[in-house]
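Welcome! Here is a short guided tour for anyone meeting this protein chain for the first time. Have a look at the model, then read on.

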Amino acid sequence: MRYQRIGVAAVLGLVLFSCEKTPTTPTPPPAGAPVPPPGGPPPPPVIVRLEITAPRSIAPGESVQLTARAIKGDGSAEDITSQAQWSTSNSQLQVSQTGLATAVERGESTVYARFQSREASAHVFAVPAGTFKLVGQITEVGFPVDGVSVEVTEGTGEGLAVTTSSGGTFVLYGVAGHVRLHAKKRGYFNKIEQTEVVEHTRLNFEMVPERPRTFPDLSGTYSLTLTATGCQGFPEPAHSRTYTATIEQSGSALTVRLEGADFIVTGGRGDNFPGVIDLNDRITFALGGSSSFYYYYYSYLTNDPDIAERLSPSTALVISGRVEIDRAGSSIRGRLRGGFFIVNVPMLPQIPLRTSASCFSSSHGFELRRR
């Protein structure tokens with residue numbers, strides 16, 4: 001009987017102990033964290049971004065191993081170099097599927113690593129160690145001069161030579177220290193420029209014609225008609241616009257000032273654009289302030305456009321591009337290479353503007369007819 005009482009007491013003690021123990025409440029997951037399925041393991045952390053580790057420059061002929069890491073939502077990182085898909089933007093730099101980058105020739109390239117739905121990029125220069133990129137634009141009265149030979153005659157990179165593009169731009173890869181440039185083009189005085197290159201550097205300068213020039217007198221009052229071409233779906237009222245235009249001329253430099261519409265003028269721009277007459281009496285107008293076609297796509301986003309006409313309290317027409325005309329006859333007629341944009345302007349004339357319609361072409365109509 002004594003052993004029976006002891007056994008009953010032990011059982012009662014276990015029962016009382018079990019009843020008094022409070023069940024543990026599970027800690028709720030943090031806000032936004034994946035919720036594990038009932039009875040299953042928690043889901044793996046989500047990749048939020050990729051990171052590439054790459055040098056700023058690689059010498060031509062050399063190779064460097066790049067690495068890519070996947071950064072996850074819990075803060076951890078995984079090396080996915082061998083799993084990523086690697087590519088580059090051009091042939092100056094090649095990269096293998098293991099992330100080994102090889103500089104093929106002087107230049108620059110963007111390296112891309114893609115993994116699952118994420119992508120990362122890094123900009124890499126292909127230049128000799130300790131050297132840099134020297135870029136610039138050569139102009140005459142502010143307009144680009146193409147076909148100019150630019151050669152490094154002194155400093156690291158001596159002997160390198162390039163010719164300016166249609167936008168007057170030259171790029172030299174692999175220069176450093178005190179650099180002397182010699183620029184020349186038939187019809188212009190040779191130009192010597194010097195600069196110190198201790199980092200990637202920009203150097204712009206002007207060329208001067210060899211002989212005094214006489215220019216056709218283009219000053220006066222005109223009707224300017226701008227016509228969008230090949231613009232399906234573009235609002236009909238904005239397809240063709242006619243303004244009163246006054247050309248002011250100072251030697252080879254032209255300024256076209258517009259009237260006859262509700263222009264949005266910001267920082268002195270919005271109702272005028274510049275032009276120039278070159279050695280061959282070719283006339284160039286730049287609506288947007290740059291010779292680069294793609295610049296016109298972005299210029300109205302970050303700068304005050306050269307032509308901005310208010311169409312309604314909330315919308316405006318922006319016209320941007322480049323016009324080249326061989327010679328002026330009874331009218332100054334050419335093709336505008338650029339774009340027509342309908343932009344939303346909630347707080348006029350605040351910039352940047354937001355586009356709701358656009359039309360790009362290399363043959364928009366442009367005609368200045370003298371009155």
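## The chain as a whole

The chain holds two helices and 27 strands. Please keep in mind that this is a predicted model. Of the 371 residues in the chain, 40% count as buried.

The accessible surface adds up to about 20,100 Å², and carbon and sulfur atoms account for 52% of that. What about contacts along the sequence? Taking contacts between residues at least 6 apart in sequence, 56% join residues that are at least 24 apart.

## Strand β25 and its partners

A good place to begin is strand β25, which spans residues 315-325. This strand is mostly covered, with 10 of its 11 residues buried. As general background, the strands of a sheet pair through backbone hydrogen bonds, and they can do so in parallel or antiparallel fashion.

Which strands pair with β25? One of them is β23 (residues 283-287), in an antiparallel pairing with five bridges. Here L287 has G321 of β25 as its bridge partner. Strand β24 (residues 307-310) also pairs with β25 in the antiparallel sense, over four bridges, and a hairpin of four residues leads from β24 to β25. Then there is β26 (residues 331-344), which runs antiparallel to β25 and is joined to it by nine bridges.

If you would like one residue to follow, try I319. Its bridge partner from β24 is I307, while in β26 the bridge partner of I319 is F340.

## E309, a buried residue in β24

Now stay with β24 for a moment, since E309 has its place in this strand. Is E309 buried or exposed? With a relative accessible area of 5%, E309 falls under the 20% cut-off and is therefore buried.

Which residue shares a polar contact with the side chain of E309? The answer is R241: the two side chains are joined by a polar contact of 2.6 Å. Setting aside neighbours within four places in sequence, E309 touches R241, Y243, A261, D262, F263, A316 and L317. A316 and L317 fall within the residue range of β25, the strand that pairs with β24.

## One disulfide

How many disulfides does the chain have? The count comes to one, formed by C231 and C359 with their sulfur atoms 1.6 Å apart. A disulfide is a covalent bond between the sulfur atoms of two cysteines. The link between C231 and C359 is left-handed, with -75° about the S-S bond.

C231 sits in the loop between β19 (220-227) and β20 (240-250), and C359 sits in strand β27 (residues 354-370), so the pair ties together parts that are 128 residues apart in sequence. Both C231 and C359 are buried.

## A three-stranded open sheet

Our last stop is an open sheet of three strands, arranged in the order β3-β8-β7 with antiparallel pairing. Its edge strands are β3 (63-65) and β7 (93-95), each of which pairs on one side only. On average, neighbouring strands in this sheet are turned by 20° against each other, direction ignored.

Looking at one pairing in detail, β3 and β8 (residues 100-103) run antiparallel and are linked by three bridges. Where is the bridge partner of S63? It lies in β8, and it is T102.

How values were computed:
Residues are numbered from 1 along each chain as its sequence is written. This is a predicted model: local features need pLDDT of at least 70, side-chain atom pairs count only at pLDDT 80 or more; totals for chains, interfaces and linings use all residues. Side-chain values use heavy atoms; hydrogens and water are left out. Buried means under 20% relative accessible area, exposed over 50%, partly exposed in between (1.4 Å probe, protein chains only). Two strands pair if DSSP finds at least two bridges between them. A disulfide is a pair of cysteine sulfur atoms within 2.5 Å. Axes are lines fitted to C-alpha atoms, for helices over the stretch in contact, and angles run from 0 to 180 degrees between N-to-C directions. A polar contact is a pair of N or O atoms within 3.5 Å; within protein, one must be able to donate a hydrogen and the other to accept it, and residues adjacent in sequence count only if both atoms are side-chain atoms. Contact means heavy atoms within 4.5 Å. Accessible areas come from the Shrake-Rupley method with a 1.4 Å probe; for residues, only the protein chains shown count as cover.
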